[in-house]
Amino acid sequence: MGTPGFANQSTARGDSSKSSEALPTQLSTDPIALATILCFTLFLAWRMFSWTNLYAVDLMYMDQWDFYTPLFEHAGPAQLFTWQHGPHRQGIGMLVIAVLAKLTHWNAKADAFAVAGALCAATILALLLKRRLFGALTWSDLLIPALLLTMRQWESLIAVPNLSHSAMPLMLLMLYALAWTIRRTSTRYGAVLILNFVTLYTGFGFFLGIVTPLLLMMEFVRLAKLKGYRNAIPAALALGLSLLSFASFFAGYVFEPAAPDFRFPDPRFYLYPHMMALLFANGAGFVGTGFIPSLIGWALLPCVIWVGFVHGRSLVVAAAKDETSNTALHGVIWILVTFSILFAAGVAVGRISFGVQLATFSRYVTLTLPALLGLYLHLLNRPPARWRKGVFIGATTLLAIFALHVRPREERLMATYSIAKTQWRDVYRRTEDIDIASSAIGTPIHPQPQKVHLQQKLDYLKQNHLSLFAD
């Protein structure tokens, strides 16, 4: 089985007497299934880019006027990377935004395409991750692109595209999970530490900064138990470096809660779990705060928590001679579900003052999807049984349908944003008056135009023939 380590994987190719607990691994992918999955993924990617092209507008809107500030100030790469926007930093996403701005004359529509591109890349990486863990892609893996390329994320594409918020962290999280499957210890830890550092600085990828030390602590305990403390030294060093990375995040950090009336604990702290449940229901395609979304959410929340506990425990208590143990699978599933649980808890704590209905916003869908992916991988690893197979097929089919479906209301909202942005841009180009342009659409493009120096920024764009003045 090789040297004990997180990336060591046993398969069902061994003793058939242990197949009830072994991974359902196949040696090769059915070419028809593979072709179907790739075609389906391409179709969903085409749909996402097509809708983005149709509804995205070359006009910075709301938060974009905030996080574009370092570009207006000609900030260097280090300042761009560490730029704080609200409760998180912009990280590598801001560097990509800066490059795109330079290449496209600050075309805000490029940000929307970048978000779509990151989601597509995350989907490909998720398929590779499943292939890496199980040895093959199967028909049920159609669920992966259905989940990750859902248009339920439309707000991140059409309303206020911010690559750093969720799409880039999702892509980096998939890379991070893949890094843990690398067999060579030094390479694995090196890749993990680099990706951990980059991700915790990028939007709500911050929560990976909590996941990594916990995971490395479990890795250290497991290796020390199996092979002795001397062989656990690399894990201990990696743990120390991950803690240093986490501490570095707070150098110069200013606590800026997303809610102006933030309090912890909030007087309605008892609603934290309910808001988390609604977030997971929203990610699964059940939108709202009524009975059905609440029922689905309260079914999903304890499931993902239990799955995280089960696989975390498996990492700690894995036995050296247990040929059916698969530490890579345990670790990856634990990473995916724990990250989403922390994200959901963070949203609940930070946003509960706005009410639980905020959990239905589409911008929160993206980072609940890792938990659903982890739950899917967990179910794939369960021993086969006729009743379980029926439940699994039914659940994945239903989830895929809800993920694929675009509600008429959501399409109307996309069109509304597109029309309003286009009208504001056209009126401002004609009048160069912020108030007149805002009156034309009945809403401002930023709630505090003076605070963000909106007029000065618009003047800068005009003087340099950028964004809405680039034509």
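I take buried to mean under 20% relative accessible area, with exposed kept for values over 50%. The model I am reading is a predicted one.

**Helix α18**

I began with helix α18, residues 408-431, and listed its buried residues: E410, M414, S418, K421, W424, R425, V427 and Y428. For the packing of these buried residues I found four partners, namely α1 (31-55), α8 (154-159), α19 (434-441) and α20 (454-463). I then checked the length of the helix: at 1.5 Å a residue its 24 residues should span 34 Å, and because the end C-alpha atoms are 34 Å apart, the expectation and the model agree. Just after α18, I noted that E432 takes a positive phi of about 55°.

**Aromatic pairs**

I next looked up the ring pairs, of which the structure holds 33. One of them joins F67 and Y68, a tilted pair at 5.8 Å centre to centre with 40° between the planes. F67 has a relative accessibility of 0% and so counts as buried, and Y68, with a relative accessible area of 1%, is buried as well.

Another pair brought me back to α18: the ring centres of W154 and Y417 are 5.7 Å apart and their planes stand at 55°, so I record this pair as tilted. It links distant parts of the chain, since W154 belongs to helix α8 and Y417 to helix α18, 263 residues apart. At 6% relative accessibility W154 counts as buried, whereas Y417 is partly exposed, with a relative accessible area of 24%.

I also followed a cluster in which ring pairs link F81, F197, Y201, F204, F206, F207, F246, F249, F250, Y253 and F343.

**V356 in its loop**

Is V356 buried or exposed? I find a relative accessibility of 17%, so V356 counts as buried, although the residue is found in the loop between α15 (327-351) and α16 (369-380). Leaving aside neighbours within four places in sequence, I list its contacts as L271, H274, M275, L278 and T289. I also looked up the separation of the C-alpha atoms of V356 and G288, which is 9.6 Å for two residues that are 68 residues apart along the chain.

**A nonpolar surface patch**

Last, I turned to the surface, where F291, I292 and L295 make a nonpolar patch of about 340 Å². F291 lies in helix α14, residues 291-317, and because its relative accessibility is 65%, I count F291 as exposed.

Note on methods. Residues are numbered from 1 along each chain as its sequence is written. This is a predicted model: local features need pLDDT of at least 70, side-chain atom pairs count only at pLDDT 80 or more; totals for chains, interfaces and linings use all residues. Side-chain values use heavy atoms; hydrogens and water are left out. Helices (H or I, at least four residues) and strands (E, at least two) are DSSP runs, numbered from the N terminus. The expected span of a helix is 1.5 Å times one less than its number of residues. Buried means under 20% relative accessible area, exposed over 50%, partly exposed in between (1.4 Å probe, protein chains only). Contact means heavy atoms within 4.5 Å. Patches are made of residues with over 30% relative accessible area and no salt bridge: like charges are joined within 9 Å, nonpolar side chains (Val, Leu, Ile, Met, Phe, Trp, Tyr) within 5 Å. Accessible areas come from the Shrake-Rupley method with a 1.4 Å probe; for residues, only the protein chains shown count as cover. A salt bridge is a side-chain nitrogen of Lys or Arg within 4 Å of a carboxyl oxygen of Asp or Glu. Rings of Phe, Tyr and Trp (its six-membered ring) pair if their centres lie within 6.5 Å; planes under 30 degrees apart count as stacked, over 60 as edge-to-face and the rest as tilted.
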